[in-house]
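Reader: I am new to this structure and would like to look closely at a single part before I turn to the rest. Could you take one helix, explain which way its residues face, and then lead me outward from there?

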Amino acid sequence: MNTSETKNNLSADEKRALLKQLLRDKASKANYSHSLSYGQQALWLLYQNTPESAAYNVAVAAHICSCVDIGALQQALNMLVTRHSSLRSSFSPQEGQPIQTVYGYKDIAFEEVNVATDTLAELDQRVVTTYQQPFDLKKDPLLR
């Protein structure tokens, strides 16, 4: 059986899943670069002077008091990254000028941490420690 016969024997859901995977594979290889905005240039300059600083990190902590559908949460975060190219970007110097490289589709690294047994103080410390980790603007993603 050849490839086209195999594709013809797939259900509609299987065809959609195959098309989705093919589009993601194609999109993941599509990278482009362009110059930085003024705000990005300022951030790059600050990063060059103090790469260990977390001064411009933005953190969000949420207390969820019910069951969480981890798969749905991960899918929502991936959709957010897909929609906003700045979350799939990195900065780097090229010919003496900083540029922004926007990467194609990527699933974000998703870390699930069970904090059910942590005390409030331990949880606060965990959040602060994570928040204070600086980003490496030369590597994507700019989301953690």
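Author: What follows starts with helix 3 and then moves to the loops and salt bridges elsewhere in the chain.

The model is a predicted one, and the values below are computed from it. Helix 3 runs over residues 38-49, which makes 12 residues, and from its first C-alpha to its last it reaches 17 Å, close to the 16 Å expected at 1.5 Å a residue.

Which residues of helix 3 are buried? They are Gln40, Trp44 and Tyr47. These three cover an arc of only 65° around the axis, and therefore they sit on the same side of helix 3. An α-helix has 3.6 residues a turn, so residues three or four places apart point the same way. On the other side of helix 3, the exposed residues are Tyr38, Leu45 and Asn49.

The buried residues of helix 3 have partners to pack against, namely strand 2 (89-94) and strand 3 (97-102). Gln40 offers a detailed view of this side of the helix: Gln40 lies in helix 3, and it counts as buried because its relative accessibility is 18%, where the cut-off for buried is under 20%. Once its neighbours within four places in sequence are set aside, Gln40 is in contact with Phe91 and Gln100.

Between strand 2 and strand 3 there is a loop, and Glu95 has its place in that loop. Glu95 counts as exposed, since its relative accessibility is 81%. The backbone of Glu95 also deserves a look, as its phi is near 55°, a positive value in a residue other than glycine. Most residues other than glycine have a negative phi.

Another loop lies between helix 3 and helix 4 (70-83), and Ile64 is found there. With a relative accessibility of 52%, Ile64 counts as exposed because the cut-off is over 50%. Together with Val68 and Leu73, Ile64 forms a nonpolar patch on the surface, and the accessible area of these residues together is about 240 Å².

Asn57 is found in the loop between helix 3 and helix 4 as well, but Asn57 is buried, with a relative accessible area of 12%. The residues that Asn57 touches, not counting those up to four places away in sequence, are Tyr131, Gln133, Pro134, Phe135 and Arg144. For one of these, Tyr131, the separation from Asn57 is 74 residues in sequence, while in space the two are 7.1 Å apart, C-alpha to C-alpha.

Last come the charged pairs. Side chains of opposite charge can pair when their charged atoms come close. A search of the whole structure finds two salt bridges. One joins Asp13 to Arg16, with the closest N and O atoms 2.5 Å apart. Both residues belong to helix 2 (residues 12-28), and because they are three residues apart there, about one helical turn separates Asp13 from Arg16. Asp13 is exposed, and Arg16 is exposed too. The other salt bridge is formed by Asp118 and Arg126, whose closest N and O atoms are 2.8 Å apart. In that pair Arg126 is partly exposed, its relative accessible area being 35%.

To return to the part you asked about, helix 3 has Gln40, Trp44 and Tyr47 as its buried residues, which pack against strand 2 and strand 3, while Tyr38, Leu45 and Asn49 are exposed on the other side.

Notes:
Residues are numbered from 1 along each chain as its sequence is written. This is a predicted model: local features need pLDDT of at least 70, side-chain atom pairs count only at pLDDT 80 or more; totals for chains, interfaces and linings use all residues. Side-chain values use heavy atoms; hydrogens and water are left out. Helices (H or I, at least four residues) and strands (E, at least two) are DSSP runs, numbered from the N terminus. The expected span of a helix is 1.5 Å times one less than its number of residues. Buried means under 20% relative accessible area, exposed over 50%, partly exposed in between (1.4 Å probe, protein chains only). The arc is that of the directions from the helix axis to the C-beta atoms. Contact means heavy atoms within 4.5 Å. Patches are made of residues with over 30% relative accessible area and no salt bridge: like charges are joined within 9 Å, nonpolar side chains (Val, Leu, Ile, Met, Phe, Trp, Tyr) within 5 Å. Accessible areas come from the Shrake-Rupley method with a 1.4 Å probe; for residues, only the protein chains shown count as cover. A salt bridge is a side-chain nitrogen of Lys or Arg within 4 Å of a carboxyl oxygen of Asp or Glu.
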